[in-house]
2 protein chains.
Amino acid sequence: MASISEMLESGAKGDRRAVARLISAVELQNEDSVEVMKQVYPKTGKAHIIGITGSPGAGKSSLVDKLITQFTNAGKSIGIIAIDPSSPFSGGAILGDRLRMQDHALDADVFIRSMGSRGYLGGVSQATYEAAQIMDACGKDIVIIETVGVGQSEVDIIRIADTVCLVLVPGMGDDVQIMKAGIMEIADLFIVNKSDRDGAPKVAKDVQMMLEMMEKKGAWMPPVLLTSTVKDEGIEEAGKAVMDHWKYLNETSAGHDRRAKRMASAVERVIQQRLAGVVERAWTKKREAGVVENLIDRKIDPYTLTEQIMSEIFK
Amino acid sequence: MASISEMLESGAKGDRRAVARLISAVELQNEDSVEVMKQVYPKTGKAHIIGITGSPGAGKSSLVDKLITQFTNAGKSIGIIAIDPSSPFSGGAILGDRLRMQDHALDADVFIRSMGSRGYLGGVSQATYEAAQIMDACGKDIVIIETVGVGQSEVDIIRIADTVCLVLVPGMGDDVQIMKAGIMEIADLFIVNKSDRDGAPKVAKDVQMMLEMMEKKGAWMPPVLLTSTVKDEGIEEAGKAVMDHWKYLNETSAGHDRRAKRMASAVERVIQQRLAGVVERAWTKKREAGVVENLIDRKIDPYTLTEQIMSEIFK
């Protein structure tokens, strides 16, 4: 079996199976994944990571499909991570849209991977982050991550992506969801898709107004664009705006600030994950000793119990 | 100043200020909150904790308002926790609805408290859990927690409530949101409100069908009820169904199982919170030593760094 460094080397030369195997390794989120990531990490930092988020039915997959064509025409190699919902209910509709995207799966410069949202309900998991890093290390110029919906978990995309695009459509009652989820605050780009529908200009105007109300700090004022993937309108402008944002990040201190924040949050996630394991072990021991019954009977409280556990595991 | 035990005693006698002060103490989530909770915990375990969740505009507050009347007429004392959204955008509409609820604020047997969702985006925080425990310890028979919306964070209500009611309305596109968020799986009771509107029976039928598809395990089949708070229809049945669920929990092993799970998750939350503090300190030290620049420059990776931090803080 090929070593991690051999797989990374093959992956960088365009060997899809090598990339796929590395991603499968991090999907397991075990000790092997850590070994993979230790070798992946030094090779990362070049790709432009783009997050595409928005409600189901907003046309994210069709838009991604169009952007792939545009970016590959410009000579870029692309990795796509399509996050699949954990729920068996909504699977069908989303897969339908994504089938179209699969037309690109045979392009030499496009690598597409679906990933489960496992425990993150539509959101962005540590494995997603690591898969993006692997694509980066394997020389993809652009990595696009398409999330499942708009929600709290989708806000996490900011912890991974350089550029966050929020895709909206008229008549979905998205406004409430967006404001609730805090996505307004993190999007670098607003795309109002299905622009041929009634109400599209109003959605764009409302977003613009909200952006002005928010007075987002920094030199980047998120553009609000209208697109129609069906009529093939506004797509070029959308792709250009994505690239403008990348340029902005690289030419100003904003890029460094963002990278520093993302780095910090990457470490925090790894620490959290590792800690969860430690806690799980300590807590399992206590559970096996019957502590839950003692809690139910009010013989001990969760706070005193925590202090006991903490003193057992910490220096 | 009164001691914690004195405040608990006064609170149990109906002193609103004492209850309010205890809740304010846990809202701070500091060492004092832990002291409060250590004394609160032994007195808990009697109240029926009811979670009311559903999209903004579903009429949750009006429903809660009606349920308060019904329960107080049955001689119950009630605590209400109304979770307010962190976002400044949606504040207005929700407060309007809730003003009506405030009519009960002068009832001797009703204690109403608004709490921020701070860092939980519309959801259920540790402070919410602890406030419910305080109300329980102060002798409330019923504690109702009203969340802000339907989303991932709302699913957490199951970690606090004995009975989870999901309030739906026709024409909100709730179905997608609900399935996405996994709320279907946790609700013990489905209330289709605004039953006078077109489409209400269809929503009820759809939910019923989804429930049958899911084949929820256990003896409790969640009832699906139609209510109209405006026409005062179906409210009594809804209140009765809530009580039926409580009876079911107390008369079967389901109640014990649920309590055991909640207990475990309470401990896990407390541990997580405490660990977060430890990690924060260790991580801040590293940051101050300039480790983020080293990460950006790929001189170290997050995984090796985590191993360093872990070996520094753990036995």
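Is B:A108 buried or exposed? In this predicted model, B:A108 counts as exposed, because its relative accessibility of 66% is over the 50% cut-off. The residue is found in the loop between α5 (91-101) and β3 of chain B. A long stretch of sequence separates it from B:R16: the two are 92 residues apart along the chain, yet their C-alpha atoms are 9.1 Å apart in space.

A look at chain A sets the scene. The chain contains 13 helices and seven strands, and 56% of its 315 residues count as buried. Contacts in chain A reach far along the sequence: among those between residues at least 6 apart, 75% join residues at least 24 apart.

The strands of chain A come together in an open sheet of seven, in the order β3-β2-β4-β1-β5-β6-β7, with parallel pairing. Its edge strands are β3 (110-116) and β7 (224-226), each of which pairs on one side only. From one strand to the next, the twist averages 20 degrees. Towards the β7 edge, β6(A), spanning residues 189-192, pairs with β7(A) in the parallel sense over three bridges. Here A:V192 stands opposite A:L226 of β7(A).

Helix α6 of chain A (residues 126-137) packs on this sheet, where it touches β1 (48-53), β2 (78-84), β3 and β4 (142-146), and its direction makes about 165 degrees with that of β2(A). The helix has twelve residues and reaches 16 Å from its first C-alpha to its last, close to the 16 Å expected at 1.5 Å a residue. It is mostly covered, with twelve of its twelve residues buried. The buried residues include A:Q126, A:T128, A:E130, A:Q133 and A:D136, along with A:I134 and A:M135. Just beyond the helix, A:G139 takes a positive phi of about 90 degrees. A:C138 counts as buried because its relative accessible area of 4% is under the 20% cut-off.

Chain B also holds an open sheet of seven strands, ordered β3-β2-β4-β1-β5-β6-β7 and paired in parallel. At its edges stand β3 (110-116) and β7, each with a single partner strand, so one side of each is left without a neighbour in the sheet. The twist averages 20 degrees from one strand to the next. The parallel strands β6(B) and β7(B) are joined by three bridges, with B:V192 opposite B:L226 in β7(B). Across β5, β6 and β7 of chain B lies helix α9 (residues 200-214), which runs at about 175 degrees to β7(B).

Helix α10 of chain B (residues 235-251) has 17 residues and reaches 24 Å from its first C-alpha to its last, close to the 24 Å expected at 1.5 Å a residue. Among its buried residues are B:I235, B:V242, B:H245, B:W246, B:Y248 and B:L249. The buried residues of α10(B) pack against β1 (48-53), β5 (163-168), β6 (189-192) and β7 (224-226), and also against helices α4 (60-73) and α11 (253-288) of the chain.

Attention then turns to the interior. The largest nonpolar core has 148 residues, and those with the most contacts inside it are A:I134 and B:I134. Leaving aside neighbours within four places in sequence, B:I134 is in contact with B:V19, B:L22, B:I23, B:V26, B:V36, B:M37 and B:V40. A second, separate core of 29 residues includes A:A58, A:L67, A:C165 and A:L189.

B:D136 lies in helix α6 (residues 126-137) of chain B. This aspartate counts as buried because its relative accessible area of 5% is under the 20% cut-off. Setting aside residues up to four places away in sequence, B:D136 touches B:K43, B:T44, B:G45, B:K46, B:A47 and B:V143. Its C-alpha is 9.4 Å from that of B:I78, a residue 58 places away in sequence.

The cysteines complete the picture. B:C165 is buried, with a relative accessible area of 0%. A search of the whole structure finds zero disulfides over all chains.

Notes
Residues are numbered from 1 along each chain as its sequence is written. Chains are lettered from A and ligands numbered from 1 in the order in which they are written. This is a predicted model: local features need pLDDT of at least 70, side-chain atom pairs count only at pLDDT 80 or more; totals for chains, interfaces and linings use all residues. Side-chain values use heavy atoms; hydrogens and water are left out. Helices (H or I, at least four residues) and strands (E, at least two) are DSSP runs, numbered from the N terminus. The expected span of a helix is 1.5 Å times one less than its number of residues. Buried means under 20% relative accessible area, exposed over 50%, partly exposed in between (1.4 Å probe, protein chains only). Contact means heavy atoms within 4.5 Å. Two strands pair if DSSP finds at least two bridges between them. Axes are lines fitted to C-alpha atoms, for helices over the stretch in contact, and angles run from 0 to 180 degrees between N-to-C directions. A disulfide is a pair of cysteine sulfur atoms within 2.5 Å. A nonpolar core is a set of buried Ala, Val, Leu, Ile, Met, Phe, Trp, Tyr and Cys residues joined through side-chain atoms within 4.5 Å.
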